[in-house]
Amino acid sequence: MISAIILSGGKAERMGGEKSFRKSGNKYLIENIADMLIEMEIPFVTVFKNPRFMEKPEEEIEKQLYYYKKYHQTITWDFVPGMGPLIGMLSGMLNTKSQWVFLVPCDMPFITEESIINLLSFIKEAELNGYDCIVPKHKNGFIEPLFSLYHISSVNVLGMVVEEMLEQNRSFPIRRLIDELNPLYVDVDKIDKTCDIFINLNTLKELENACFDR
Ligand SMILES: Nc1nc2c(ncn2[C@@H]2O[C@H](COP(=O)(O)OP(=O)(O)OP(=O)(O)O)[C@@H](O)[C@H]2O)c(=O)[nH]1
């Protein structure tokens, strides 16, 4: 009933152009979430940048093949390069069959199994009340669109938002999709009291200073 999409295709400008395959402790950054999903038996699609549009495609192909051989889960690529996470999300959703899709980035290495289980626990409430996505929200109104759940029916709205985005030739944030959906906002406290799981690593310094044996 559940599958996941790991977004792994951004520009990673603040991390020198590479994020997923940067070492974090004893594994690549992206392997933190991939290992967890395997452990939880949640199938996942990983959306990478298309190596064809990269400076050194052979290096990227090698890394993506390593990853595929390790996990044997679907990998796919942004169908339009460099246009942001909604393109990645659509590429991922078109490769999933489950009713609900857990959207997660490659750069939040402190996500816990418990936090995922907590998020999934809201599915019943969402289904009973006709919500089509479930999004954590902080007290100050800030939302966590990169740790959220979408009903598969959202793909139609996503398609329309992406169409508009492409017409305007600019990237929209995931928030723009959520604005078009009927979201169930859940208090972040109900997902993770510490909020550590929402920490995402953007710079080499953050990666260097992060503690991976929590
Ligand atoms: N597939 C895909 N994933 C994306 C895209 N843009 C961002 N992401 C992912 O979304 C998550 C958050 O990305 P950001 O931190 O906003 O952007 P970034 O490209 O990783 O980094 P910066 O270039 O430094 O902003 C990361 O897991 C990215 O890999 C995209 O265009 N396609």
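Let's start at the ligand. In this predicted model, 21 residues surround the ligand, and those that come nearest are Gly-9, Gly-10, Arg-14, Gly-88 and Pro-105. Two elements give two or more residues to that shell: strand 1, residues 2–8, and helix 3, residues 85–93. Which of the elements gives the most? Helix 3 does, with three residues. And if you sort the shell by class, you get nine nonpolar residues, six polar ones and six charged ones.

Now, please follow helix 3 away from the ligand. Helix 3 lies across strand 1, strand 4 (44–48), strand 5 and strand 6. Against strand 1, helix 3 runs at about 145°.

That brings us to the sheet. How many strands form it? Seven, in an open sheet, and you can trace them in the order 5-4-1-6-8-7-9. The edges are strand 5, at 75–77, and strand 9, at 183–187, each pairing on one side only. From one strand to the next, the twist averages 25°.

A quick reminder for anyone new to this: strands in a sheet pair through backbone hydrogen bonds, in either a parallel or an antiparallel way. Here the pairing is mixed. For an antiparallel example, look at strand 6, residues 100–105, and strand 8, residues 148–151, which pair over four bridges. If you'd like one bridge to find on screen, Val-101 has Tyr-150 in strand 8 as its bridge partner.

Last, the annotation. An unreviewed UniProt entry places a domain called "MobA-like NTP transferase" at residues 4–156. Over that stretch the chain is 35% helix and 21% strand, and the C-alpha atoms at the two ends are 18 Å apart.

Key. Residues numbered from 1 in each chain as written. Predicted model: local features only at pLDDT ≥ 70, side-chain atom pairs only at ≥ 80, totals over all residues. UniProt positions renumbered as here; feature names shortened; annotations may be inferred. Near = placed C-beta within 6 Å. Nonpolar A, V, L, I, M, F, W, Y, C, P; charged D, E, K, R; others polar. Pairing = 2+ DSSP bridges. Axes fitted to C-alpha atoms, helices over the stretch in contact; angles between N-to-C directions. Contact = placed C-beta atoms within 7 Å.
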